[in-house]
Amino acid sequence: MFLGRLFAAVERQLCEPGQLPARGIHRILICRPNHRLGNAILVSPLLAEVEALYPGAEIDLVVGGEAASHLFANRFQVRRIFSLPRKIARHLWRTRGLLRELRRNSYDLAIDSSQGSQSGRLLLLMVKARFKLGFPDPETKPGSAWHGLPCPDHLAQRGVFLLRAARGQEQGRPYPPLNLDLSDGEKQQARRALANILGTSPLLPAGRTIVGIFANATGAKCYGEDWWQRFVGALMEQRPDVLLVDVLAEHGRSQLGGDFAPYYTRDLRRLASMVANMDGFISADCGVMHLAAASGTPTLGLFSVTAPSKYAPYGGLNGAIDTHGMSAAEVAGMAADWLGGVVPAAQPQPAVPSMRDGAAFPFRG
């Protein structure tokens with residue numbers, strides 16, 4: 001009952017569409033207190049939109065875990081990243097200190113960019129801000145004009161949609177892509193490292209297609225090692241020009257049979273810089289998939305549980321395959337077909353078999 005009253009209080013404070021001014025917004029807070037890597041990266045289009053609409057403003061972020069601190073700390077307009085502990089119950093004093101420090105700040109605009117996040121909504125209630133922005137709950141605030149607006153499905157677009165609608169802007173402009181603002185220096189260092197990994201130092205090989213594969217994910221989103229080995233075997237039959245890089249998970253063990261050049265790092269920007277030098281990237285649905293898309297390299301996501309319409313690798317030439325009811329060889333055929341549209345084969349290849357049970361579709365921003 002008490003929690004319900006708190007949520008109702010913050011719902012009354014939310015901006016309606018068209019109520020957010022274009023001027024006078026200088027101190028901005030973005031709330032996304034989720035510890036998952038993918039959710040941190042999916043904030044980057046909103047961050048880019050805030051930077052574009054308020055180029056003279058200063059931005060703070062409240063996030064869960066340390067991922068966003070590594071990914072966004074070098075952005076010029078970002079002042080402070082408040083990183084809440086992953087397990088708050090075990091770090092009550094640290095959490096209390098961070099929240100007290102956050103409470104000392106005053107903002108012109110605070111944004112809760114997620115839908116249905118109780119922690120995000122409580123943060124919005126707690127902070128001091130002249131304008132508060134979030135998707136209202138239809139039960140608590142049934143008369144809101146937000147409920148009549150066509151919100152996009154993909155999570156990377158929702159925060160941008162929220163901000164544009166609050167400013168009364170048209171939604172026809174392209175949405176910003178995922179972007180980590182990798183520097184030229186980061187990518188050049190990774191390029192030299194990738195050449196060493198492939199045994200082609202000092203240059204990457206001409207006429208070969210370099211594709212990274214990340215074979216790990218959490219829970220039901222994870223495909224077994226046998227599945228992945230059948231997948232890469234079928235993929236290599238159809239694209240023998242491909243050089244595969246086995247991007248290892250945190251446990252450091254190959255899930256592709258140990259037959260391909262491995263790469264291991266726990267540094268997120270270093271990993272993104274490495275992927276930025278590849279021609280393509282294939283991954284199960286996970287945070288590394290979104291990291292690869294944010295590097296600018298065409299990325300293909302394999303989905304067995306979640307909805308690609310919400311979570312597909314976002315923007316550009318990225319694609320997704322719903323693998324329900326498909327064999328590893330069938331998925332590999334579709335991956336080869338997608339790869340052919342991104343990086344044509346260097347030599348004639350066997351025809352790709354007809355795929356009846358799915359489609360590798362591009363998700364464009």
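**Group meeting: a buried asparagine, aromatic pairs and a helix crossing**

Hi everyone, let's start with Asn39, which counts as buried because its relative accessibility is 12%, and the cut-off for buried is under 20%. Do keep in mind that this is a predicted model. Asn39 is part of helix α2, which covers residues 37-41. And which residues does Asn39 touch, once we leave aside neighbours within four places in sequence? Those are Arg32 and Asn34.

Now, on to the rings. As a reminder for anyone new to this, a pair of aromatic rings is described by the distance of the centres and the angle of the planes. This structure has eight aromatic pairs, and I'd like to show you two of them.

Take Trp146 and Phe161, an edge-to-face pair with 6.4 Å from centre to centre and 65° between the planes. Where do these two partners sit in the chain? Trp146 is in the loop between β5 (128-134) and α7 (155-166), while Phe161 is in helix α7 itself, so the pair links distant parts of the chain, 15 residues apart. Are they buried or exposed? Trp146 and Phe161 are both buried.

My other pair is Trp227 with Trp228, again described as edge-to-face, with 5.2 Å between centres and 85° between the planes. Both of these tryptophans are buried as well. They also belong to a bigger group: Trp227 and Trp228 join Tyr223 and Phe231 in one aromatic cluster.

While we're looking at rings, please rotate to the arginines. Arg164 lies over the face of Tyr175, and the distance to the ring centre is 4.9 Å. Then there is Arg167, whose charged end sits over the ring of Tyr54, 5.1 Å from the centre of that ring.

Last stop, two helices. Helix α8 spans residues 184-197 and helix α10 spans 268-276; their axes come within 8 Å and cross at roughly 70°. How should we describe that arrangement? Angles of 65 to 115 degrees count as roughly perpendicular, and therefore α8 and α10 are roughly perpendicular to each other.

So which residues make the contact? From α8 we have Glu186, Lys187, Ala190, Ala193, Leu194 and Ile197, and they meet Arg269, Ser273, Met274 and Ala276 from α10. Sorted by class, this contact of α8 with α10 has six nonpolar residues, one polar and three charged.

That's my tour, thanks for listening, and I'm happy to take questions!

How values were computed: Residues numbered from 1 in each chain as written. Predicted model: local features only at pLDDT ≥ 70, side-chain atom pairs only at ≥ 80, totals over all residues. Heavy atoms only, no water. Axes fitted to C-alpha atoms, helices over the stretch in contact; angles between N-to-C directions. Helix = DSSP H or I, 4+ residues; strand = E, 2+ residues; numbered from the N terminus. Parallel < 35°, antiparallel > 145°, perpendicular 65-115°, else oblique. Contact = heavy atoms within 4.5 Å. Nonpolar A, V, L, I, M, F, W, Y, C, P; charged D, E, K, R; others polar. Phe/Tyr/Trp six-rings, centres within 6.5 Å; stacked < 30°, edge-to-face > 60°. Buried < 20%, exposed > 50% of the residue type's maximum accessible area, 1.4 Å probe, protein only. Lys NZ or Arg CZ within 6 Å of the ring centre and 35° of its normal.
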